[in-house]
Amino acid sequence: MARTRAALLAAAADVFAERGYDGASVDEIARAAGVSVGSIYSRFGSKQDLFRALMTGHLEGDLHRVRSGMDAGPEQGLAELEAVLLETARSRPATLLDAESWAVAMRTPAMRAAVSDHHRRVRDEAAAMVARGRAAGGVDLGVPDDEVATAMIALFHGLVREYRLGVPGEAPPDLYSRMVHALATGLAALAADGGPPGEP
């Protein structure tokens, strides 16, 4: 049973990546996995639920790595997050799925809520990481943790695309961690001087 589920998720990842959510069919995914269409519906209920399960599965694996890194300290947590970014960028299916999750939310109203829930969870987890880092360093960033998390997520997805395009010399492999450090250092300095620009 577990092997069948894993095979379905792996096949779904490949088909969704190449065809997109709208272009992928349950029949094609079943053929790629070597199972019946009924196996998909009995385990996931619908194509929408299968896509959601795929996003959740990838997220859980990435979160486990980053949380384990954070247990060793904020620097190790950031290193694991950067490693996830680079691995995502090196993988054609992972990069396409990263882009497809946003595109399907724009194209398909029925999927917008599911993708929004997914991104909200990512932001909440990133905000918790920011909070742990602040606490460990004893610093005040002067802005809410979820806003810092939103900036980190935007940088993550932007760099995935930059790395995947592969323009030589434009994005060194440690750019993410250096920019996160620069963001934190700059915000801490602004907070120490009385707050971000425009704040009383």
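The paragraphs below go through the structure from its overall build to the contact between its two domains.

This is a predicted model. The protein chain contains nine helices and zero strands. Following the sequence from start to end, the pattern reads α-α-α-α-α-α-α-α-α. The C-alpha trace of the protein chain spans about 65 × 35 × 35 Å along its principal axes.

Two stretches of the chain carry annotations from a record. UniProt, in an unreviewed entry, places "domain: HTH tetR-type" at residues 2-62. In the model, this span is 89% helix and 0% strand, and its end C-alpha atoms are 20 Å apart. UniProt also lists a "DNA-binding region" at residues 25-44, again in an unreviewed entry. Residues 25-44 are 80% helix and 0% strand, with 14 Å between the end C-alpha atoms.

The domain assignment divides the chain in its own way. Domain 1 covers residues 1-45, and domain 2 covers residues 54-193. The contact between them involves 10 residues from domain 1 and 10 residues from domain 2. Taken over C-alpha atoms, the centres of domain 1 and domain 2 are separated by 28 Å.

How much area do domain 1 and domain 2 bury between them? The figure is about 820 Å², and 64% of it lies on carbon and sulfur atoms. There are also polar links across this boundary: four residue pairs, both residues at pLDDT 80 or more, are in polar contact between domain 1 and domain 2. The side of domain 1 that touches domain 2 is made up of six nonpolar, one polar and three charged residues.

Salt bridges are the next thing to look for. A search of the whole structure finds 15 salt bridges, and the count between domain 1 and domain 2 is two. One salt bridge in the model joins Asp22 and Arg107, where the closest N and O atoms are 3.0 Å apart. Another salt bridge pairs Arg92 with Glu18, and here the closest N and O atoms are 2.8 Å apart.

What does the pair of Arg92 and Glu18 tie together? Glu18 belongs to helix 1, which runs over residues 2-23, while Arg92 belongs to helix 6, which runs over residues 92-107. The pair therefore ties together parts that are 74 residues apart in sequence. To find this link in the structure, start from Glu18 in helix 1 and look across to Arg92 in helix 6.

How values were computed:
Residues are numbered from 1 along each chain as its sequence is written. This is a predicted model: local features need pLDDT of at least 70, side-chain atom pairs count only at pLDDT 80 or more; totals for chains, interfaces and linings use all residues. Side-chain values use heavy atoms; hydrogens and water are left out. UniProt positions are given in the numbering used here, feature names are shortened, and annotations may be inferred rather than shown by experiment. Helices (H or I, at least four residues) and strands (E, at least two) are DSSP runs, numbered from the N terminus. Domain bounds come from an automatic or database domain assignment. Contact means heavy atoms within 4.5 Å. Buried area is the accessible area (1.4 Å probe) that two parts lose on being put together, summed over both. A salt bridge is a side-chain nitrogen of Lys or Arg within 4 Å of a carboxyl oxygen of Asp or Glu. A polar contact is a pair of N or O atoms within 3.5 Å; within protein, one must be able to donate a hydrogen and the other to accept it, and residues adjacent in sequence count only if both atoms are side-chain atoms. Ala, Val, Leu, Ile, Met, Phe, Trp, Tyr, Cys and Pro count as nonpolar, Asp, Glu, Lys and Arg as charged, and the others, Gly among them, as polar.
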